[in-house]
Amino acid sequence: MRSNAELLERIQQGDSEAADELITNNMGLVYSVAKRFLNRMHDAEDLIQIGAIGLIKAVKKFDCSFGVQFSTYAVPMIIGEIKRFLRDDGVIKVSRSIKENAAKGRRAEEALRGRLNRNPSIAEISDECGIPEEDLLEAFESAAAPESLETGINEKDENSVKRIELLASDDTEEKIIDKVFIREALAGLNEREKNIIMMRYYRGKTQSEIAQLIGVSQVQISRLEKKALMQIRENAGE
């Protein structure tokens with residue numbers, strides 16, 4: 001079996017058979033991703049077929065200048081295709097009430113940003129618009145547009161590191177898939193919650209240590225951690 005690198009080189013030379021072979025060789029990525037969505041009430045075969053569309057798109061759009069392995073680039077596209085299918089097919093359909101909450105929350109967020117001269121927290125937005133924090137988080141996450149891997153982490157800085165560069169090119173395929181899902185699970189958290197989760201579960205700090213670093217009480221850290229974990233479970237579809 002020829003390597004991805006060899007096949008990609010052949011594809012750039014116009015070899016259509018190499019493209020078919022690359023897709024066949026990487027169907028394992030589709031199977032691995034599809035397994036993560038089996039609790040979404042769809043047949044595995046349906047998810048695999050949709051995921052394969054994402055893989056085909058990855059083959060067509062991949063450029064060696066990205067500086068990452070093909071699997072690193074393909075996984076988010078496969079995930080995005082399956083999630084789009086589930087959303088459009090009604091399993092993750094965004095209801096009118098959620099859309100209305102998102103719109104109301106964004107208006108409140110803009111009003112607060114103007115008054116406070118900073119980005120308001122979810123709690124502040126919730127108080128402003130009268131929507132519970134959990135409902136706001138759900139609305140913001142559901143209404144968010146997918147982020148391009150080619151977009152910089154700091155959109156105002158042209159030289160900012162691109163999101164795709166945060167995925168290590170030497171990881172195994174399963175690790176790549178795990179990283180994408182973890183990143184998406186954290187996406188609905190505000191900056192304070194993200195920091196708490198990162199310090200607790202990636203840097204091994206205690207709640208007391210985090211409380212001292214942030215300047216709040218341990219009770220507040222405990223409350224924020226529980227709220228963040230609940231949101232991560234929701235984002236991960238558990």
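How many aromatic pairs does a search of the whole structure find? The answer is two, and we'll get to them once we've taken a look around. One thing to keep in mind from the start is that this is a predicted model.

Let's begin with the overall layout. The protein chain has 12 helices and zero strands, so if you follow the elements from the N terminus on, you read α-α-α-α-α-α-α-α-α-α-α-α. Of the 238 residues in the chain, 39% are buried. The accessible surface comes to about 14,000 Å², and carbon and sulfur atoms account for 48% of that. As for how the chain meets itself, take the contacts between residues at least 6 apart in sequence: 54% of them join residues at least 24 apart.

Now zoom in on helix 2, which spans residues 16-25. Which of its residues are buried? They are A18, A19, L22 and I23. These four cover an arc of only 140° around the axis, and that is why they end up on the same side of helix 2. The spacing fits a general rule: an α-helix has 3.6 residues a turn, so residues three or four places apart point the same way. Look at the face turned away from that buried side and you'll find the exposed residues E17 and T24. E17 also turns up at the start of the helix, where its backbone nitrogen has a side-chain oxygen of D15 within 3.0 Å.

Helix 2 is a good way into the salt bridges too, and the structure holds 11 of them. One is formed by E21 and R2, whose closest N and O atoms are 2.6 Å apart. This pair links distant parts of the chain: E21 sits in helix 2, while R2 belongs to the segment before helix 1 (4-12), 19 residues apart. Are these two buried, exposed or something in between? E21 has a relative accessible area of 22%, so it counts as partly exposed, and R2, at 29%, is partly exposed as well.

Further along the chain, R115 and E128 form another salt bridge, with 2.9 Å between the closest N and O atoms. R115 lies in helix 6 (residues 96-116) and E128 in helix 7 (residues 122-129), so this pair ties together parts that are 13 residues apart in sequence. R115 is exposed, because its relative accessibility is 53%, whereas E128 is partly exposed at 36%. There is also a network of salt bridges to look for, linking R106, E109, E110 and R113.

The next salt bridge takes us to K227 and E133, whose side chains meet at 2.2 Å, N to O. Here the parts being tied together are 94 residues apart in sequence, because K227 lies in helix 12 (residues 218-235) and E133 in helix 8 (residues 133-143). With a relative accessible area of 11%, K227 is buried.

K227 has another partner worth finding. E193, in helix 10 (residues 191-201), makes a polar contact with it, side chain to side chain, at 3.1 Å. E193 has a relative accessibility of 1%, so it counts as buried. If you leave aside its neighbours within four places in sequence, E193 is in contact with K227 and A228.

Finally, back to the two aromatic pairs. In general, a pair of aromatic rings is described by the distance of the centres and the angle of the planes. F62 and F70 form an edge-to-face pair, 5.6 Å centre to centre with 85° between the planes. F62 pairs with Y73 as well: the centres are 5.5 Å apart and the planes stand at 65°, so this pair is also edge-to-face. Where do F62 and Y73 sit along the chain? F62 is in the loop between helix 4 (44-61) and helix 5 (70-88), and Y73 is in helix 5, so the pair ties together parts that are 11 residues apart in sequence. Ring pairs thus link F62, F70 and Y73 into a cluster. F62 is buried at 11% relative accessibility, F70 is buried at 3%, and Y73 is buried too.

Notes. Residues numbered from 1 in each chain as written. Predicted model: local features only at pLDDT ≥ 70, side-chain atom pairs only at ≥ 80, totals over all residues. Heavy atoms only, no water. Buried < 20%, exposed > 50% of the residue type's maximum accessible area, 1.4 Å probe, protein only. Helix = DSSP H or I, 4+ residues; strand = E, 2+ residues; numbered from the N terminus. Arc of directions from axis to C-beta. Polar contact = N/O pair within 3.5 Å; in protein donor to acceptor, adjacent residues only side chain to side chain. Salt bridge = Lys/Arg side-chain N within 4 Å of Asp/Glu carboxyl O. Contact = heavy atoms within 4.5 Å. Areas by Shrake-Rupley, 256 points an atom, 1.4 Å probe, with all protein chains shown as cover. Phe/Tyr/Trp six-rings, centres within 6.5 Å; stacked < 30°, edge-to-face > 60°.
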